[in-house]
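The following exercises are to be worked with the sequence and the coordinates at hand. Each one sets a task and is followed by a solution in steps.

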Amino acid sequence: MRSPIEVDGEFADITLRVNGIERELCVPPLRRLIDCLREELGLTGTKEGCGEGECGACTVLVDGAAILSCLVPVCQVEHTDVRTIESDGLDSIQCAFLKTGAAQCGICTPGMITMTRAFLDECTRDGTPVTEDAARIALAGNLCRCTGYEKIIDAVLHTLETERGP
Amino acid sequence: MQRRRREDNLCGMLAHVGRDLERPEGRAKVTGRAIYTADLAVPGAWVGGAVRSSVARGRLSGIDFDPAFDFSSVTIVGPADIPGENVVALIEEDQPLLCRESIEHFGEPLLLVAAPDRATLLEALSHIHPRIEAREPVLDMERSARVFKALVIEKGDADWIARPLATDARLFEGTYRTDSQEQLYIEPQACIAWPVDGDGTCLVKGSLQCPHYVQKALARTLGIAPEKARVVQLETGGGFGGKEDYPSIVACHAALLAHKARRPVKVIYERHEDLAVTPKRHPSRVTHRTLVDREGRLLAMDIDVLLDGGAYTTLSPVVLSRGAIHATGPYRCADVRIRGRVVATNHVPYGAFRGFGAPQTCFAIERQMDRIARALSIHPLELRQRNMLRIGDTTVTGQVLRESVGAADVLEDVAKRSGFDAHEWCESQARAGDTSKRRGLGLSFFFHGAGFTGSGEEMLRGQVEIELAADGVVEVRAGSTEIGQGTNAMFVAIAAEALGAAPDDVRIASPDTGRVPNSGPTVASRTCMVVGGCLARACRELGTRIGARMHDTSGERAPFRERALLYLATGGDARVHVTYEPPSGITWDDVHYRGDAYPVYGWGADVAEIEVDVDTCEVDVLRLYSSVDVGRAIQPMLVEGQIEGGSLQAVGFAHLEVVSTRDGRFEQDRLATCVIPTSLDAPKFDVKLFEHPYSGGPFGAKGVGELPMDGGAPAVASAIEDALGIHIDRVPATPERLLDACARAQTTRGGEPA
């Protein structure tokens, strides 16, 4: 699905790394990252819930930081390392989500998991403690309508235990 | 972190029921492999959309096509292109799929367009201009003269209000309002339709709760036999009632476009369109007149329930029924009259949302109970305990409660755990002094009927089929959908338990009307109790057949798979088909609302702990305690998930989620303005499950889906009242409304309004 902006748009070659693989896309440079991931690369794990940066379902990692792929034109992430729910390095979070019952309908789950990855990595890098309050703040931009967030927060803390040991 | 404290009075005998399994579809969901409708690659598919009305009421006199756009590049469908009937097949069938002439609400579909891609679609839509003569809309339900449904429920001396009152009795009157609420499933509405194939079959795949509803609607629209309409549910990103009936419209629109365009068409709503035109919770006004004695015992009740149904009937009559039946709350009362009506306005039709009328009436009765408690200086817990329904009591419809009544347990437990039993409700505010933040505690007590109202289940006759496949695995075929609540894991646990098999010996067929029988819709807290009950019966039957055959051949306790394969090898009948049979002794009179309104009820009690900023009136819900009797928690972790998630929706309903209209349009039509709770708004949940088994449910299970939606709003409202001393009679209790109420209370000196 093309957005209106690209009806008469020029195409450009854009190089970026997606889930560890070097990719070259020939797309209008203002095409949204989410559309490139889903339609050009078939990575449909990244979900669109609102298209205006309010729900967080489209969260992916760009050079380790969480971004909303519905708000970012692909030209802005040229030469970066993009990671989606389909990438490696998410196993412990994915297992924690299963174990604690943090995934119900599952539509927010990919965004929750990528955001959790960014949060935990940031805590490790900065040496800040992973607390329930910090997790709630980190995930406040990711909406979930099923769980009440309780079990998602449980999953984040549970991941920490498995990754760092008790 | 340990929140599950179950009353384990039955467990131990069971191998799978009561033990958490991994969701069968869980791995696909957490790895991004699960396929939702928008994820499905359909080569050659076009995208569809609608031209919609820009007014709440009017007359469509024509449609202009701007020649600046080349319309030969798209497909256009108008009412004349509908091969079957131009109707949304539901209860009354007053709603057209495409407006004929009379426009009844904003956003009503007038014309459909399909295009090769979204950009062309939007371009085409922008060049189509309906000619509409606007008319004066009816937007105030209290002034509507058109009634979709009216009902009266009477018990005992229903006309008590007309007689002189006993001298030592006191009469309390209160009017309570609830606004609308958006379901806000995170995956918007979505369906894909394929054109009718050589075999005459139309295929639709989509995000939906009730594949057989969609099947029925498609058959009427396309003028084909129902079995020629094949509906497949894909992974569904939340429903909460919002995907109960509305997907029929999305699917029919997609199918009409696919039929004319002769290619598959995807109709995937953008969030704005979804918020602007899909049904939401019915706004309500409920008036209570309650007669009580000095000890606070309920002597008589007179209740008036009014719902705004919006422009078309949709599901409003059944929403009203459920709302009215729950209007007395879980309380005993001899003389009752309930009048209910749901009226037509020119709002976008209101529809199904978790709770289905009961959250509105539950809010009203719980606030009324608090009003009585405060006036009589009786502790709110005490007042509820004095009046709560017990085994042997009779409900407002004359139903005698014979079993599975956890009322006393949940009420006592939640009060004890939260400290509400020792809390001086509505007196803390006097003690609070001048701090800028005040804390409050509030209690609610509620029940929720499991399954369809009245004779619904008997008429539906839901079916389940199981078949022992060649690999020795039992396939479960049901029309019930997994929409996040845990149908798959719950079915696996029930089937494995009833078969004496391992969870691996069971697989769940995906809901496809071409392969699964009609189990009835996935609504009304019925999937576990009704469909799960049928599944347990089917599995026991198969297990018995296998056991009987095996006595002649091999040892008794070989693993299920081995026994199953042997059974198949000896020519055993592999398939069992079960139809729901209502429990014996159930009676219902649809005209007079007398009898067993529901086979059984779930019971719950909540305590909300809040903090409110006295200057801004912003409310922070800190903790929500829930004690809930679910009969049997087939999958305890999933049940907790239902309670936590449902309770948060109720907390949002209480103070955060605003849905307002102007000129018949929802003002919150983008996610930037339509607010639901985030992880920071969510309280810490403290859930405890009770199990008072129900003999008619699988392993004692009742329903749980809707129950937690009932209690959150009145508990939060009660806690705000505790903190601020003002009576809260409307939700959402936004800061703006609270500031107004505080100002009014100050001018009238004293919190209790007249």
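## Exercise 1: The nonpolar core

In this predicted model, the largest nonpolar core has 283 residues, of which B:Val204, B:Ala254, B:Ala495, B:Leu535 and B:Ile720 touch the most other members.

**Task.** Identify the helix that supplies the largest share of this core, and list the contacts of B:Val204 beyond its neighbours within four places in sequence.

**Solution.**
Step 1. Helix α13 of chain B, residues 527-553, makes the largest contribution to the core, namely 12 residues.
Step 2. Two residues are in contact when their C-beta atoms, placed from the backbone, lie within 7 Å.
Step 3. With neighbours within four places left aside, the partners of B:Val204 that precede B:Val204 in numbering are B:Cys191, B:Ile192 and B:Ala193. The remaining partners are B:Val214, B:Leu218, B:Val231, B:Ala251, B:Ala254 and B:Ala255.
Step 4. B:Ala254, one of these partners, is also among the core residues that touch the most other members.

## Exercise 2: Overall form of the two chains

**Task.** Describe the secondary structure, the dimensions and the burial of chain A, then do so for chain B.

**Solution.**
Step 1. Chain A contains five helices and five strands, which follow one another from the N terminus as β-β-α-β-β-β-α-α-α-α.
Step 2. For the 166 residues of chain A the globule rule gives 15 Å; the radius of gyration is 16 Å, close to that value, so chain A is as compact as a globular protein of that length.
Step 3. The C-alpha trace of chain A spans about 55 × 30 × 20 Å along its principal axes, and 54% of the residues of chain A count as buried.
Step 4. Contacts in chain A between residues at least 6 apart in sequence join residues at least 24 apart in 62% of cases.
Step 5. Chain B contains 17 helices and 28 strands. Its radius of gyration of 26 Å is close to the 27 Å that the globule rule gives for 754 residues, so chain B is as compact as a globular protein of that length.
Step 6. The C-alpha trace of chain B spans about 80 × 75 × 50 Å along its principal axes, and 60% of the 754 residues count as buried.
Step 7. In chain B, 82% of the contacts with a separation of 6 or more are between residues 24 or more positions apart.

## Exercise 3: A helix and a hairpin in chain A

**Task.** Is helix α1 of chain A largely enclosed or largely open, and how do strands β3, β4 and β5 of chain A pair?

**Solution.**
Step 1. Helix α1 of chain A covers residues 33-40; six of these eight residues are buried, so the helix is largely enclosed by the rest of the structure.
Step 2. The buried residues are A:Leu33, A:Ile34, A:Asp35, A:Cys36, A:Leu37 and A:Arg38, and their cover includes strand β2 (21-27) of chain A.
Step 3. Just after this helix, A:Gly42 has a positive phi of about 70°.
Step 4. Strands β3 (residues 59-62) and β4 (residues 65-68) of chain A run antiparallel and are joined by four bridges; A:Thr59 stands opposite A:Leu68.
Step 5. These two strands form a hairpin with two residues between them, and A:Asp63 in the turn has a positive phi of about 50°.
Step 6. Two bridges join β3(A) to strand β5 (residues 81-83) of chain A, again antiparallel, with A:Leu61 opposite A:Arg83.

## Exercise 4: A sheet in chain B

**Task.** State the order of the open sheet of three strands in chain B and name its edge strands.

**Solution.**
Step 1. The order is β4-β2-β6, with antiparallel pairing.
Step 2. Strands β4 (102-103) and β6 (128-134) of chain B each pair on one side only and are the edges.
Step 3. Strand β2 (residues 58-65) of chain B is joined to β4(B) by two bridges, and B:Arg59 stands opposite B:Ser102.

## Exercise 5: The interface and the confidence

**Task.** Characterise the side of chain B that touches chain A, and identify where chain A has pLDDT below 50.

**Solution.**
Step 1. The contacts involve 47 residues of chain B and 45 residues of chain A.
Step 2. Helices α1 (26-31), α2 (118-126) and α15 (636-655) of chain B each supply at least two residues of this side; α15(B) gives the most, with seven residues.
Step 3. By type, this side of chain B comprises 21 nonpolar, 13 polar and 13 charged residues.
Step 4. Chain A has a mean pLDDT of 94, and 94% of its residues reach 70 or more. Residues 1-5 of chain A lie below 50, and this stretch has 13 contacts in the model beyond near neighbours in sequence.
Step 5. Where pLDDT is low, predicted coordinates should not be read in detail.

Key:
Residues numbered from 1 in each chain as written. Chains lettered and ligands numbered in written order. Predicted model: local features only at pLDDT ≥ 70, side-chain atom pairs only at ≥ 80, totals over all residues. Nonpolar A, V, L, I, M, F, W, Y, C, P; charged D, E, K, R; others polar. Rg over C-alpha atoms; globule rule 2.2 N^0.38 Å. Buried ≥ 20, exposed ≤ 12 C-beta atoms within 10 Å, placed from the backbone. Core = buried A, V, L, I, M, F, W, Y, C linked by C-beta atoms within 7 Å. Pairing = 2+ DSSP bridges. pLDDT = per-residue confidence, 0-100.
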